[in-house]
Amino acid sequence: MSPIKSVNDFVVKFANVNGSGSASANEMFARSLLRMGVPVASRNIFPSNIQGLPTWYEVRVSGQGWLGRRGGVDLMVAMNPQTWDKDIASIDPGGYLFYDSSRPIPLSKFRSDINIIRMPLTEICNATYSDPRQRQLFKNIIYIGALTQLLGIEADLLETMIGEQYRNKQALIAPNHQALHLGHDYARDNLAGACGLKVERIDAVKDRIFVNGNEAAALGCVYGGATVAAWYPITPSTSVAEAFAKLCKKYRTDAESGKNKYAIIQAEDEISAIGAVIGAGWNGARSFTATSGPGISLMQEFLGLAYFAEIPAVIINVQRGGPSTGMPTRTQQADILLCAYASHGDTKHILLFPEDPKELFEFAALSFDLAERLQTPIFILEDLDIGMNEWLCEPFTWDDSRTYDRGKIMTAADLDAGKTFGRYLDVDCDAIPYRTLPGEHPTKGAYLTRGTSRDRFAKYSEEGDVYQDNMQRLLRKFETAKSHVPAPVIRQQKEKTRFGAIYFGSTTPAMNEALAALEAAGLHLDLMRLRAFPFCDAVSDFIHAHDQIFVIEQNRDAQMRMLLVNECGIDPARFISILNYDGTPITARFIISSITGRMTMTSREAAE
Amino acid sequence: MTYIVKPKLRHPAIPVNKLGFTHRDYEGTVSTLCAGCGHDSISAAIIQACFELAIEPHRVAKLSGIGCSSKTPAYFLGQSHGFNSVHGRMPSVLTGANLANKDLLYLGVSGDGDSASIGLGQFVHCVRRGVNMVYITENNGVYGLTKGQFSATADKGSKSKGGASNMDTALDLVSMALMVGASFVGRSFSGDKEQMVPLIMAAMRHPGPAFIDIISPCVAFNNHAGSTKAYDFVRAHNDAVNRLDIMEPRDPITVEYAPGTTEEVALHDGSSLRLAKLDANYDANDRIMAMAYLQAKAAKGELVTGLIYLDKHATDMHANLDTVDSPLNLMSEKELCPGAKALDGFNASHR
């Protein structure tokens with residue numbers, strides 16, 4: 001097997017032990033490639049554990065800019081004996097294994113069709129450091145040093161990055177530099193020519209930024225004017241709330257008083273978190289919670305209240321593998337139906353599907369406008385893949401002339417001017433009523449908010465027609481929402497095709513790559529990226545314009561397909577589901593093989 | 001009796017408070033609870049307290065959960081916004097509302113099923129978080145709307161109307177409130193308006209989590225012999241530790257008490273609270289003692305009422321969170337959005 005030779009197009013996978021300090025070293029490795037102008041996509045594959053279980057970090061280097069997970073491994077940095085066999089097995093034939101050769105490993109534990117790069121890391125560490133923690137931490141930096149030499153990464157870039165990272169801990173810079181050189185020099189002197197994978201400086205990153213979705217979501221909440229956040233810790237959403245706290249400290253501390261222009265509470269559970277969000281929304285503050293599937297399950301009763309009592313709320317759902325505790329540290333898009341129809345009785349909710357951290361930032365900011373305009377909960381359905389991995393995406397932008405849409409609020413002046421106030425009265429024929437905020441007017445506009453049936457003037461009623469009148473208005477309000485939520489993004493091929501594909505969320509990078517490959521193979525496919533539920537007319541128009549539609553999802557039950565069939569009244573036979581739900585992000589390879597098989601088969605059937 | 005609309009006419013000589021409001025201005029719609037229900041007396045006491053304190057009705061937000069007690073916010077303060085939320089979850093809704101606007105007076109009204117059973121967790125956490133509020137439980141030991149099941153505050157051995165005995169240990173919300181950091185804790189009885197009104201007034205003036213448990217017999221399902229929440233039983237076992245009066249700064253009310261047994265407590269708004277001790281040994285500022293006293297009396301089958309605990313140095317959740325002085329819900333993009341330039345900085349730090 002000849003060794004793989006590749007420039008700026010390969011996958012490096014680091015196999016580490018959780019808690020060994022490898023994460024920051026590995027991330028520095030990925031960032032160094034970006035500084036050489038080479039796009040990378042990095043993914044953490046981590047356990048539900050604090051210390052000791054296996055963890056992986058995968059870096060896809062792609063000069064062409066493909067940012068989805070590719071699948072396969074060209075270079076395995078095997079630092080975890082627990083997962084040795086599986087890690088060795090996962091290397092592509094002709095690929096490379098880099099490992100710590102301090103302890104002998106029997107020949108039978110290797111493969112003959114891969115290339116072995118040996119480095120006695122532990123020996124080097126033991127000879128250099130006496131403190132056990134240092135031996136562990138610097139081992140990570142030493143292997144990064146070796147990799148820079150093996151792959152041709154500019155070594156001074158890493159030095160600069162270490163300097164930046166330890167800006168406030170100057171004492172740590174020199175020893176980190178020393179470790180970097182130890183690795184680099186060892187590779188130079190002993191491993192020359194051992195690796196056919198190379199990085200060359202190009203200019204393909206441009207001004208893009210490297211950011212994780214949860215931080216982007218939190219920043220969107222800051223920009224969108226969220227002042228109240230209530231949350232309960234749950235993987236993979238915890239870092240949304242933590243990032244919000246950090247960003248608020250930076251951007252929302254009042255310059256004069258030093259006090260906080262925000263309030264964050266860590267609630268006792270998700271029920272309390274959504275309760276506080278609803279209470280704050282009722283009282284006119286922009287508020288949100290961040291959670292994952294199990295949290296949404298707990299919030300069901302409150303979500304129905306917010307729908308029925310028409311209270312703004314924003315829920316960021318960082319989806320993980322379900323059902324039940326499922327795969328808490330793996331990714332899925334499996335809460336679509338749970339959120340779309342959350343709570344008992346007839347309910348429908350607005351969902352947003354961001355494709356990457358940039359869109360997540362934008363949707364998070366937008367969601368508060370939508371929540372107040374439409375007076376209802378807004379769900380942002382991101383996932384672990386976007387949320388907890390650093391993505392290379394376009395820089396965030398903001399228009400300073402933008403103002404918040406606070407929706408229909410009747411003020412004291414309106415009330416004094418004699419405007420009729422009916423909390424559930426459809427004045428403007430868009431089914432969105434006006435609300436008043438508590439404390440607004442001494443004698444006018446007060447009402448009792450309730451989850452029970454009531455008339456247009458918020459008066460309790462068990463009359464069937466009064467109840468139906470309200471339920472019908474809520475349906476009409478959902479229609480109104482169609483013109484407010486982000487429209488789908490449609491990409492039509494130059495040649496007319498009867499095939500279409502529908503996808504959404506974190507599937508985007510893999511889909512982009514798959515599309516290019518399918519085009520190159522002469523398979524033409526129009527694309528529609530869904531960005532929101534309810535589906536506007538463009539969605540059903542796209543479906544009707546194609547005979548066969550692939551629906552690509554990251555769940556078992558084809559939930560988006562069900563929602564499309566149900567809400568657009570489409571014949572299910574029109575759809576072909578492509579489902580990836582093993583907990584790892586969908587790959588272009590998987591999409592290409594699934595679509596190619598079906599398209600060639602269908603073409604053959606047509607020819608016969 | 002929702003078909004009955006209260007007449008708008010009023011007697012020209014009807015008393016008005018310093019805001020010019022009459023008692024009627026603090027009322028709500030006509031109650032639909034059973035005739036003689038203790039809860040209606042509590043509503044009347046809330047109305048009286050707000051009238052006496054000359055509170056602007058629209059500056060009160062009244063929140064409740066589900067149950068007979070949680071229906072009562074419709075029957076008082078008709079000019080206030082109200083929120084009848086979901087069962088046992090009023091505390092979290094109130095917490096969020098308070099976060100949004102610290103300037104309103106938050107009145108949470110709940111019951112023993114709502115707060116001690118389904119909502120015990122929320123009750124405890126809301127109190128321990130230090131939310132500035134008046135939290136009243138209208139405690140009858142029984143589920144009224146579902147017709148007479150025991151609640152978690154039903155005393156062990158007490159009998160239901162159908163004759164069944166409750167074998168589960170009772171939860172005492174007063175003890176729990178003390179345990180988890182309520183800075184004002186009182187207990188009263190719906191049949192004792194003289195005690196209830198000043199207690200509610202004092203709680204409304206208190207700048208922290210104020211909790212009042214009010215025993216409120218259920219005339220339909222829990223007012224029979226064998227019940228420990230019946231009018232007769234409570235009257236016979238009531239042990240009031242003190243009597244309160246609120247002293248307005250401009251309009252002092254003089255009440256005669258035996259010398260040496262009264263204590264004046266300055267309230268944050270300039271008024272003061274006069275506490276007349278009925279039990280000379282009881283110190284309402286000592287939390288540990290209050291907890292011990294409650295347990296000792298409970299063991300003898302006596303129900304301690306009055307102002308049980310007051311922390312004169314109470315603060316609240318907003319102080320803990322160090323929020324700005326103006327309400328968060330009033331802020332616009334000018335105050336909240338960092339703008340494009342800050343975003344450039346964010347982008348630069350992610351390259």
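Let's start at one small spot where the chains meet: A:Leu448 has B:Gly82 as its bridge partner in β2(B). Keep in mind that this is a predicted model. Zooming out a little, that bridge belongs to a pairing between β17(A) and strand β2 of chain B, residues 81–84, which run in the parallel sense and share three bridges.

Now step back to the whole interface. Here 54 residues of chain A are in contact with 51 residues of chain B. On the chain A side, the elements that each supply at least two residues include our strand β17 (448–450), along with β9 (209–212), α7 (213–223), β10 (228–231), β11 (263–266), α9 (270–282) and α10 (293–309). If you want one element to look at, pick α9(A): with nine residues, it gives the most to this side. As for what the surface is made of, the side of chain A that touches chain B has 30 nonpolar residues, 17 polar ones and seven charged ones.

Next, look inside chain A itself. It's split into domain 1 (6–198), domain 2 (211–393) and domain 3 (489–607). Take domains 2 and 3 of chain A, whose C-alpha centres sit 28 Å apart. Each puts 21 residues into the contact between them. On the domain 2 side, two or more residues apiece come from α11 (336–340), β14 (350–352), β15 (377–383) and α13 (384–388) of chain A. Sorted by class, that side of domain 2 of chain A has twelve nonpolar, four polar and five charged residues where it touches domain 3 of chain A.

Technical notes:
Residues numbered from 1 in each chain as written. Chains lettered and ligands numbered in written order. Predicted model: local features only at pLDDT ≥ 70, side-chain atom pairs only at ≥ 80, totals over all residues. Contact = placed C-beta atoms within 7 Å. Helix = DSSP H or I, 4+ residues; strand = E, 2+ residues; numbered from the N terminus. Nonpolar A, V, L, I, M, F, W, Y, C, P; charged D, E, K, R; others polar. Pairing = 2+ DSSP bridges. Domains from an automatic or database assignment.
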